[in-house]
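Thank you all for coming; I would like to spend a few minutes on charged pairs and then on one part of the surface. Please have the model open while I talk.

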Amino acid sequence: MKATPYIWFRGELVDWSSATVHVMSHAIHYGSSIFEGIRAYDTPRGPAIFRLTDHLRRLFDSAKIYRIPMPYTLEQLTSATKQVVQVNKLRSAYIRPVAFYGYGTLGIDPSACPTEVAIGAFEMGSYLGPESLEQGVDVGVSSWQRFAPNTLPALAKAGGNYLSSQLMNIESRRHGYAEAIALDTNGLVSEGGGENLFLVREGTVITPPLTAAILGGITRDSVVKLLAEQGIAVKEQPVPRELLYIADEVFFTGTAAEIVPIRSIDGITIGNGRCGPLTAQVQHAFFGTVQGEREDTYGWLEYVES
Ligand SMILES: Cc1ncc(COP(=O)(O)O)c(C=O)c1O
C-alpha cells in the first residue's frame, strides 16, 4: 500500500501516520468493523468515484445488519470521501471507508464502545496482478465453504466475515492459484474471496443468486445492467460446481479486481484458456463507463470536483 498524505479520521483530515487506534479496541479483538472498497477513475472531467452513493448505502446497510450506530450521515461521508481523493491529489484511487467499534469495554457486548469512522485512499493497480485483466487468472475451488445462512450475514461487508475469505486466499495461494472460488453450504457455487462470479455457456450468461451466500456486488450489478443495455440478459440461478468446468467463459467481478477472466479452475482449462468474447465485451463496456469514455446512462460517475 502506497501511503498518501491524509486520512479522514474522527471527522477531520489527519496525517496518514497519525490515523491510529488503541490495541484494546473492540474491532481488533472481535472483527467488529464494516467497510467498503471503492474506486475513483481518471476521466476527461477529472477524477470520478464510481457509484460512491451505492457503496456508501451498502456501508449503511452493513451497519444496520450488525446494528452498529453510525455517527455520520451518508451526505457527510460522501463529501468526506471526495475530500480525501481531492486533498491527496489522486487522479485515480482505491478508497477504503471503514467503521468499527473502538476503545471502550472488552466484553463481547460492543454497546459501550464508540463507533470510529475512517476513510483512506491510495493508488492501486489491478488486485489480481497487472496481467490479470488481459491474460486471466488460474483459480481453484476452495476446501473452505462460505458461511451458512443465518450464521454470518453474507450481505454485510463486515471485517469478521473476511476471516472466511482469508482462509480461502491462503489456501489458494499455497496451491499456486491467484484466487479461490467458494461453494456455499449446499455445495453450489458462491463467489470468489473478494469477487462475484459470472459464467457463459452456449450464449447464456449466469451468475449465482444472492441466496448463495454472496456479497451483493456493485460491479456485479453494473455488469448485469451494462449487458442488459446490449440486449443480453443475465440469469441468476444456482450453479453446480461442474458447470464451471464446462463453461465457455468464466469471469470475476469486483471493485478491486475489476473484470477478470478466469482461464482455469482446478487445473481445468476454461474455454480456450483466454479472455472470451463476452468477457472482453463486458470489460470494454465497464472500462469505457468508469473512465468516462462512454455515456454514463445511470449517473454512476460521481465527480470529485463539482
Ligand atoms: C466477498 C466479496 N464478494 C464480492 C465482492 C465484489 O463486490 P463489489 O463489486 O461491490 O466490489 C467483494 C468486494 O467488495 C467481496 O469482498
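Let me begin with the term itself: a salt bridge here is a side-chain nitrogen of Lys or Arg within 4 Å of a carboxyl oxygen of Asp or Glu. Please keep in mind that what you are looking at is a predicted model.

With that in hand, the side chains of Glu229 and Arg294 form a salt bridge, with 3.3 Å from N to O. This pair links distant parts of the chain, since Glu229 sits in helix H6, residues 218-229, while Arg294 belongs to the loop between helix H8 (277-290) and strand S17 (301-303), 65 residues apart. As for their surroundings, Glu229 has 35% relative accessibility and counts as partly exposed, and Arg294, with a relative accessible area of 27%, is partly exposed as well.

How many salt bridges does a search of the whole structure find? The search returns 15 salt bridges, and I will take two further pairs from the set, followed by a network.

In one of these pairs, Glu258 meets Arg39, the closest N and O atoms being 3.6 Å apart. Because Glu258 lies in strand S15 (residues 258-265) and Arg39 in strand S4 (residues 38-43), this pair ties together parts that are 219 residues apart in sequence. Are these two residues, Glu258 and Arg39, buried or exposed? Both Glu258 and Arg39 are buried.

Strand S4 also holds Asp42, and its partner Arg91 is in the loop between helix H3 (74-87) and strand S6 (93-101), so that here the parts tied together are 49 residues apart in sequence. The closest N and O atoms of the Asp42 and Arg91 salt bridge are 2.8 Å apart. Asp42 counts as partly exposed, at 38% relative accessibility, and Arg91 is likewise partly exposed, with a relative accessible area of 45%.

Turning to the network, salt bridges with shared partners join Arg51, Asp54, Arg57, Asp221 and Lys225 into one group.

Finally, let me leave the charges for the surface patch. Val21, Val23, Met24, Ile28, Tyr30, Tyr103, Leu106 and Ile108 make up a nonpolar patch on the surface, and together they have about 770 Å² of accessible area. Among them is Tyr30, which is placed in helix H1, residues 26-30, and which, with a relative accessible area of 37%, is partly exposed.

How values were computed:
Residues are numbered from 1 along each chain as its sequence is written. This is a predicted model: local features need pLDDT of at least 70, side-chain atom pairs count only at pLDDT 80 or more; totals for chains, interfaces and linings use all residues. Side-chain values use heavy atoms; hydrogens and water are left out. Helices (H or I, at least four residues) and strands (E, at least two) are DSSP runs, numbered from the N terminus. Buried means under 20% relative accessible area, exposed over 50%, partly exposed in between (1.4 Å probe, protein chains only). Patches are made of residues with over 30% relative accessible area and no salt bridge: like charges are joined within 9 Å, nonpolar side chains (Val, Leu, Ile, Met, Phe, Trp, Tyr) within 5 Å. Accessible areas come from the Shrake-Rupley method with a 1.4 Å probe; for residues, only the protein chains shown count as cover.
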